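Let's take a walk through a protein model together. Keep the 3D view open and turn it as you read.

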Amino acid sequence: MYSRPRRLRRTQIIRNLVSEMKLDKDMFIYPYFVVPGKGVKEPIGAMPGISHFSLDELVEDVKAGLNFGVNKILLFGVGNEKTEDASSAFSWKSIVVEALKLLKDNFGEELFIATDVCVCAYTTHGHCGLLKDGYIDNDLSLEVISKMALAHGRAGADMVAPSDMMDGRVGAIRKVLDGNNLTETGIMSYSVKYASAYYGPFREAADSSPGEGDRKSYQMDFRNSGEALREAELDEEEGADILMVKPALAYLDIIKEIKQITNLPVACYNVSGEYSMVKAAAEAGFVDEKEIVLENMHAFSRAGADIIISYHTRDILEKGWI
Ligand code: PBG
Ligand code: ZN
């Protein structure tokens, strides 16, 4: 026997030497849920370890996170007024606009802020677009979605992250941003977003469940992968800066395929359901939290993700897991 692969696994030092990939602190983006009010830091039941923050508490928490390198965040606005036309989504008084202004005042370029752009938390019906005759009207939705992106851009967002899955949104947003001198505001598109049961805990957190029906007429069908490539190509053509795949764990094949067809950075979103399942299993003592989180994160990286959006970010960096 000449070849013995175990030689390269014998000690920790040699395993480190030959490891094909290393996780990097800079890869992670941490999501935050922002609510109106003061002094609010309210744990989200379905997502142990994650809370709703009012603006004052948000600043404190971000400040603490920066000490550990949590310097890239993704903002979600919760508790806004819900209307048929989603007008509070693009209002200059929206909670996300307020948060952007305050965070930029406090932290400037030390903090990179991406914002989720979607109207489901702002519509009475809870869909990611506007309803017309019982169907989500694509082109009508593009108008509010691009107005929302513009409000965020003006308030100082480094990147906007459209998660609605309407056709043509990246192009529409790019055009509106450019037309308003926001050529430096980036777009991290939720390019490949599947209709997924893994978003369950998030919908409690963001109060964004559709009242009637589901999201299958705009989010992708999990039986398909060719469609994922097409969505990614379209977003790239329309001017996206980063392509995202979501969810992550059950879609490692998709991450890998997207990475192979693009030269843009690829992000994956390790979503709420994936997070809550790990947390619940760890709390029950079925798995070791740190070990399983690191295994998952390495799987994303191995599949080709350059960027990982994860609720585990704070634990990983604060506890020094990498
Ligand atoms: C809003 C949005 C969702 C998520 C991110 N943006 C929910 C959905 O589309 O139903 C999911 C995030 C998560 O589950 O962690 N469109
Ligand atoms: Zn939505």
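**A walk from the metal site to a loop**

Before we start, keep in mind that this is a predicted model. Our first stop is the zinc ion (ligand 2), whose donors follow the spacing C-x1-C-x7-C along the chain. If you look for the cysteines, you'll find that Cys118, Cys120 and Cys128 each hold the zinc ion (ligand 2) through their SG atoms, at 2.2 to 2.3 Å. What arrangement do the 4 donor atoms make around the zinc ion (ligand 2)? It's tetrahedral, because the angles they subtend run from 101 to 116°. For reference, the ideal angle for four tetrahedral donors is 109.5 degrees.

Are these cysteines buried or exposed? Cysteine 118 has a relative accessibility of 3%, so it counts as buried. Cysteine 120 is buried too, with a relative accessible area of 10%; the cut-off for that word is under 20%.

Now go to helix α3, residues 95-107. Here's a little sum to check: at 1.5 Å a residue, its 13 residues should span 18 Å, and the end C-alpha atoms are indeed 18 Å apart, so the two agree. Plenty of its side is tucked away: Ile95, Val96, Val97, Ala99, Leu100, Leu103, Lys104 and Phe107 are buried. What do they pack against? Their partners are β1 (28-34), α2 (55-66), β4 (72-77), β5 (112-117) and α4 (138-155). Just after α3 comes glycine 108, with a positive phi of about 50°.

Next, find a pair of helices. Helix α8 (residues 252-261) packs with helix α10 (residues 289-303) at an angle of about 35°, and their axes are 8 Å apart. On the α8 side, Leu252, Ile255 and Lys256 make the contact, while α10 brings Ala299, Phe300 and Ala303. Sorted by class, that contact has 5 nonpolar residues, 1 charged and no polar ones.

Stay on α10 for a moment, as serine 301 is found there. Its relative accessible area is 16%, so serine 301 is buried. Leaving aside residues up to four places away in sequence, serine 301 touches Met21, Leu23 and Met27.

Last stop: proline 265, in the loop between α8 and β11 (266-270). At 32% relative accessibility, proline 265 counts as partly exposed. Where does alanine 305 lie relative to proline 265? The two are 40 residues apart in sequence, and 7.8 Å apart in space from C-alpha to C-alpha. Again not counting residues up to four places away in sequence, proline 265 touches Asp241, Ile242, Leu243, Asp306 and Ile307.

How values were computed: Residues numbered from 1 in each chain as written. Chains lettered and ligands numbered in written order. Predicted model: local features only at pLDDT ≥ 70, side-chain atom pairs only at ≥ 80, totals over all residues. Heavy atoms only, no water. Donors = N, O, S within 2.8 Å, 3.2 Å for Na, K, Ca; no water. Tetrahedral: all angles 85-135°; square planar, octahedral: opposite > 155°, others 65-115°. Buried < 20%, exposed > 50% of the residue type's maximum accessible area, 1.4 Å probe, protein only. Axes fitted to C-alpha atoms, helices over the stretch in contact; angles between N-to-C directions. Helix = DSSP H or I, 4+ residues; strand = E, 2+ residues; numbered from the N terminus. Contact = heavy atoms within 4.5 Å. Nonpolar A, V, L, I, M, F, W, Y, C, P; charged D, E, K, R; others polar. Expected span 1.5 Å × (residues − 1).
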